[in-house]
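Dear colleague,

Please find below the sequence and the structure that I am handing over to you. I should be grateful if you would keep them open while reading the notes underneath.

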Amino acid sequence: MERIRPNSQILVRESRQTVNEEYQAQISRWIAAKVRKLVLEMIKGSVEYQYKRIWEYCAKIKKTHDGSTMEVMFTPFRELGGNPKFMRIYCCLGSMKKGFKDDCRPIIGLDGCHLKGTYKRQLLTAIATDPNNGWWPIALGDIEREATGLDRASAEVLPNCEHRYCVQHMYQNFKKKHTGLPLKNRLWNIANCITEELYNKAMAELKDFDNWTYQWMKNAPAPQHWCKAFFPSHTKSDMLVKGPRGAQFAVDMEKRNCTCRLWEISGIPCCHAIAAILLKNEDPREYLNVCYSRGLFLNLYRNVLQPISGEDHWPPINNA
Ligand SMILES: [Zn+2]
């Protein structure tokens, strides 16, 4: 059953081969077809049963987790008493929502992956970062695979938000045409530039090195979306930031920034700031942004998820 579960399109020939490999036994075509039909019914049946109980599940979650949002979307009822078809579920647990609002920095990571079960669907996730830069899940959605348009949706729902792209994802597209370690390093170095001057310099160097790759970068999304030099400082997110070495920078202890911008962007004193702080005989940890504080961390993890009881104890729902 576990071999068939991810591949519901399995052919009779393949299922005979599976039995042969796993049990060193030969079975007839007729037996294989009969077993395959039975197994598919069992797998689909259990998944279908779970989708059918989704209303009760949502009701139970709302009861055990205050402030949760559970939204289920079905295709419209075509006729009275007709069988509605499940489309999407959105799930945001109250404690995760509260933790994000109270104690996390204002930055949300969005991602999606394809589900390889009986039903080919997509799982979407929204996550934040905790004070220790660990992941804090906020919400998830299970949607049909054909659904697209994350860019359009975020522009509509969050019009005033700054929008960053994941450089790792960008690199996955980049390397299809531009292979090799020197180009990979250049892409990451450009993304890690923390001033506009450094960005322009790195781009000019790339043009001399490989004009074709330079043109690709020019046609890629604007650097405002993926290069540190253009990030504003209020999110205090230092993901993937690396500082340049060997240059001169000015530290302002009062304003808690440095002309290398690293302190401003990340909320963590850069090496130049640490040198200045130590010179004053002070503790650099005192200069950390409050978003990294132990108190905030402990506060965030007071938001716990309650275990929920088995399906026999879910509240009955009248679907009509
Ligand atoms: Zn600095």
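The notes below set out what was found, beginning with the basis of the model.

This is a predicted model, in which local features need pLDDT of at least 70 and side-chain atom pairs count only at pLDDT 80 or more, while totals for chains, interfaces and linings use all residues. Residues are numbered from 1 along each chain as its sequence is written.

Overall division

The chain is divided into domain 1 (12-52), domain 2 (56-146) and domain 3 (165-230); these bounds come from an automatic or database domain assignment. Between the C-alpha centres of domain 2 and domain 3 the distance is 34 Å.

Helix 1 and the loop that follows

Helices and strands are DSSP runs numbered from the N terminus (helices H or I, at least four residues; strands E, at least two). Helix 1 (residues 12-23) has 12 residues, which at 1.5 Å a residue should span 16 Å, and its end C-alpha atoms are indeed 16 Å apart. The expected span here is 1.5 Å times one less than the number of residues.

Gln 24 comes just after helix 1 and belongs to the loop between helix 1 and helix 2 (29-52). Its phi is positive, about 50 degrees, although Gln 24 is not a glycine. Most residues other than glycine have a negative phi. Gln 24 counts as exposed because it has 7 C-beta neighbours inside 10 Å. For this and later statements, a residue is buried if 20 or more other C-beta atoms lie within 10 Å of its own, exposed if 12 or fewer, and partly exposed in between, with C-beta atoms placed from the backbone.

The sheet

An open sheet is formed by 5 strands in the order 1-2-5-4-3, with antiparallel pairing; two strands pair if DSSP finds at least two bridges between them. Strand 1 (69-74) and strand 3 are the edge strands, each pairing on one side only. From one strand to the next the twist averages 15 degrees. Helix 4 (residues 94-103) packs on the sheet and touches strand 2 (86-92), strand 4 and strand 5, its direction making about 130 degrees with that of strand 5. Axes are lines fitted to C-alpha atoms, for helices over the stretch in contact, and angles run from 0 to 180 degrees between N-to-C directions. Contact between two residues requires that their C-beta atoms, placed from the backbone, lie within 7 Å.

Strand 3 (residues 109-116) lies largely in the open, because the number buried among its 8 residues is 0. It runs antiparallel to strand 4, to which 8 bridges join it, and a hairpin connects the two through 3 residues. The register may be followed along the pair: Leu 110 stands opposite Ala 126, Asp 111 has Thr 125 as its bridge partner, and Lys 116 faces Lys 120.

On its other pairing, strand 4 (120-129) is joined to strand 5 over 9 bridges, again in the antiparallel sense. Within that pair, Arg 121 of strand 4 stands opposite Glu 144 in strand 5. The hairpin of strand 4 and strand 5 has 5 residues between the strands, and there Asn 133 takes a positive phi near 60 degrees. Asn 133 is partly exposed, since 13 other C-beta atoms lie within 10 Å.

His 65

His 65 is placed in the loop between helix 3 (54-64) and strand 1. With 19 C-beta neighbours inside 10 Å, His 65 counts as partly exposed. Leaving aside neighbours within four places in sequence, His 65 is in contact with Leu 93, Gly 94, Ser 95 and Gln 306. His 65 and Leu 158, 93 residues apart in sequence, are 26 Å apart in space, C-alpha to C-alpha.

The annotated span

The unreviewed UniProt entry carries the annotation "domain: SWIM-type" over residues 249-281; UniProt positions are given in the numbering used here, feature names are shortened, and annotations may be inferred rather than shown by experiment. In the model, the span is 42% helix and 12% strand, and its end C-alpha atoms lie 20 Å apart. Asp 252 is in strand 6 (residues 251-252) and is partly exposed, with 13 other C-beta atoms within 10 Å. Asp 252 and Ala 276 are 24 residues apart in sequence, and their C-alpha atoms are 9.2 Å apart in space.

Yours sincerely
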